Amino acid sequence: MTAVRPAAVIVLAAGEGTRMKSATPKVLHAIGGRSLVGHAIRAAEGVEPLHLAVVVRHERERVAAHVAEIAPEAVIADQDEVKGTGRAVECGLEQLPADLSGTVIVTYGDVPLLESVTLTALLEQHDATGSAVTVVTAHLTDPTGYGRIVRDADGSVAAIVEQKDATPQQREITEINSGLYAFDAQVLRSALAQVGTDNAQGEKYLTDVLAIAKGQGLTVSAHVVDDLWQTEGVNDRVQLATLGKELNRRIVERWMREGVTVVDPATTWIDADVSIGRDTTIRPGTQLLGATTIGEGAEIGPDTTLQDTQVGDGASVIRSQTLLAEIGPQATVGPFSYLRPGTTLGVKAKVGGFVETKNAQIGDGAKVPHLTYCGDATIGEGTNVGAGTIFANYDGERKYRSTLGKHVFIGSNSVLVAPADIGDGAFVAAGSAINQPVGAGDLAVARGRQRNIPGYIRSRRPGSKAAEAAAAAEARQGDESKQEGTTR
């Protein structure tokens with residue numbers, strides 16, 4: 001819990017983001033498994049504000065619905081026709097209590113690498129210095145496009161000048177405005193009422209609040225950050241990829257420092273909400289997505305994608321893909337397996353090569369080792385499903401569930417026509433098509449009796465290579481029979 005709680009955090013997420021060239025609003029594009037605005041909200045929630053407001057406009061319904069889903073406590077504020085960050089913040093304030101007092105932090109919905117610790121440091125400095133306004137700044141080698149921080153002779157902040165309004169001398173300044181602020185709530189509300197749109201952009205600038213506060217003799221300070229990535233925004237897909245790569249680098253590094261072995265960080269992607277236990281090894285080409293959780297001592301990869309999947313201690317997943325699955329302790333998956341939603345594996349269970357599962361509960365020690373489709377099934381402890389088995393769960397209109405008891409043995413190349421019910425300890429002969437219940441301990445054989453037709457190839461396909469091979473074999477057999485007869 002932070003020592004000082006802000007009265008409110010206002011997240012500005014109204015922009016159209018035309019440079020993204022997308023039907024999706026900019027703030028809903030995602031990196032690290034979260035939307036851009038989701039990252040901004042998570043950072044804001046970390047300082048425990050009394051109120052959280054998100055200002056929206058472009059694709060209002062989509063953005064507002066997403067915000068309501070990830071942050072139900074947030075207040076939605078609509079920006080009107082008046083352009084500019086100043087007006088956006090004013091719209092946010094209008095949705096908060098009229099008597100709001102304390103500190104208001106302003107952030108943006110397209111700055112995904114901003115961290116709660118940075119907002120906490122901003123808040124603490126703002127409070128300690130008694131400032132009316134504190135702006136987060138950074139020094140850039142090339143500040144083109146950013147608002148410049150103009151300081152007084154004593155080093156305090158005099159004003160922020162936007163690029164298009166800056167003089168040639170002001171454009172030489174390398175300290176830039178990040179767009180992140182802490183304001184005294186009453187000063188902010190009063191100053192915004194005085195801000196106009198008489199500037200090159202015809203917008204209501206939030207930066208004008210600093211000059212107004214300064215003119216009233218109030219303290220305006222700067223909080224300088226060294227980690228420039230936290231101030232970087234997304235304006236196009238190139239920047240989206242750049243920030244996504246940097247976010248992933250930070251996430252991977254954090255897990256390595258927590259005791260996870262990542263063999264090749266450059267080819268490993270881990271979403272922000274993933275959890276990994278100590279002594280787990282992540283091999284090259286692995287993606288851990290969504291709300292995936294992995295226990296201790298697991299082996300994941302290479303070439304594996306886990307999404308919203310739980311993996312137990314000591315489990316192994318190799319060259320496979322899973323979605324909404326649960327893999328128990330010491331279970332093994334792969335290579336080339338596909339676990340679809342609803343799949344659960346018990347302790348030491350196995351799903352082997354080229355196996356697809358869906359809505360299947362596979363018990364402790366049970367095995368589905370090779371070349372199998374296992375859908376809508378419950379498989380008991382210690383059961384073995386032979387290679388090439390198909391759970392025929394769909395009749396063209398409805399899906400049905402099959403149940404296999406404990407220590408059942410299914411022979412290779414069998415078809416279990418759902419709803420199959422196979423009792424504990426039962427055996428199914430290889431090549432069977434099972435469409436009736438099998439009792440506990442029974443052997444089920446469901447295949448036609450083999451019938452051989454002598455001379456079929458010779459009579460039906462004379463002159464073919466098969467016929468020639470068969471004739472040669474018959475001749476050899478005849479010679480062997482004669483030789484056997486003479487030796488007797």
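A domain here is a stretch of the chain whose bounds come from an automatic or database domain assignment. With that in mind, welcome to the tour of this predicted model.

**Stop 1: the two domains**

Select residues 8-231 and give them one colour; this is domain 1. Then pick residues 258-444 for domain 2 and choose another colour. How far apart are the C-alpha centres of domain 1 and domain 2? They lie 48 Å from each other.

**Stop 2: a pair of helices**

Next, select residues 185-192, which form helix 5, together with residues 208-215, which form helix 6. The axes of the two helices are 9 Å apart, and the helices pack at an angle of about 105°. Angles of 65 to 115 degrees count as roughly perpendicular, so helix 5 is roughly perpendicular to helix 6.

Now show the side chains. On the helix 5 side, look for V187, L188, A191 and L192; the residues they meet in helix 6 are V209, I212 and A213. What classes do the residues of this contact fall into? Seven are nonpolar, while none is polar and none is charged.

**Stop 3: the largest pocket**

Turn on a surface view and select T85, Y108, D110, E203 and N235. Of the 47 residues lining the largest pocket, these lie closest to its centre. The space inside the largest pocket comes to about 1,600 Å³.

Which elements should you highlight around it? Try strand 1 (8-13), helix 3 (85-94) and strand 10 (175-184), since each supplies at least two lining residues. Strand 10 provides the largest share, with four residues. If you colour the lining of the largest pocket by class, you will find 21 polar, 13 nonpolar and 13 charged residues.

**Stop 4: the second largest pocket**

Move on by selecting E115, L247, R250, I251 and R254. They are the residues nearest the centre of the second largest pocket, which has 17 lining residues and holds about 450 Å³ of space.

Add helix 1 (36-45) and helix 7 (237-257) to your view: these are the elements that give two or more residues to this lining. Which of the elements gives the most? Helix 7 does, with seven residues. By class, the lining of the second largest pocket contains eight charged, seven nonpolar and two polar residues.

**Stop 5: details of the backbone**

For the last stop, zoom in on three loops, beginning with the one between strand 18 (299-300) and strand 19 (305-307), where P302 sits. The peptide bond joining G301 to P302 is cis, with omega at about 10°.

Then go to P335, in the loop between strand 24 (332-333) and strand 25 (338-339). Here too you can find a cis peptide bond: the bond joins G334 and P335, and omega is about 5°.

Finish at L324, placed in the loop between strand 22 (321-323) and strand 23 (326-327). What is the sign of phi at L324, positive or negative? Phi is near 50°, a positive value in a residue other than glycine.

Note on methods:
Residues are numbered from 1 along each chain as its sequence is written. This is a predicted model: local features need pLDDT of at least 70, side-chain atom pairs count only at pLDDT 80 or more; totals for chains, interfaces and linings use all residues. Side-chain values use heavy atoms; hydrogens and water are left out. Axes are lines fitted to C-alpha atoms, for helices over the stretch in contact, and angles run from 0 to 180 degrees between N-to-C directions. Angles under 35 degrees count as roughly parallel, over 145 as roughly antiparallel, 65 to 115 as roughly perpendicular and the rest as oblique. Contact means heavy atoms within 4.5 Å. Ala, Val, Leu, Ile, Met, Phe, Trp, Tyr, Cys and Pro count as nonpolar, Asp, Glu, Lys and Arg as charged, and the others, Gly among them, as polar. On a 1 Å grid over the protein atoms alone, a cavity is a set of points where a 1.4 Å probe fits but cannot get out, and a pocket is an open set with protein on both sides within 12 Å along at least five of seven lines; lining residues have an atom within 4 Å of a point. Grid points are joined across faces, edges and corners, and a volume is the space filled by probe spheres set on the points.
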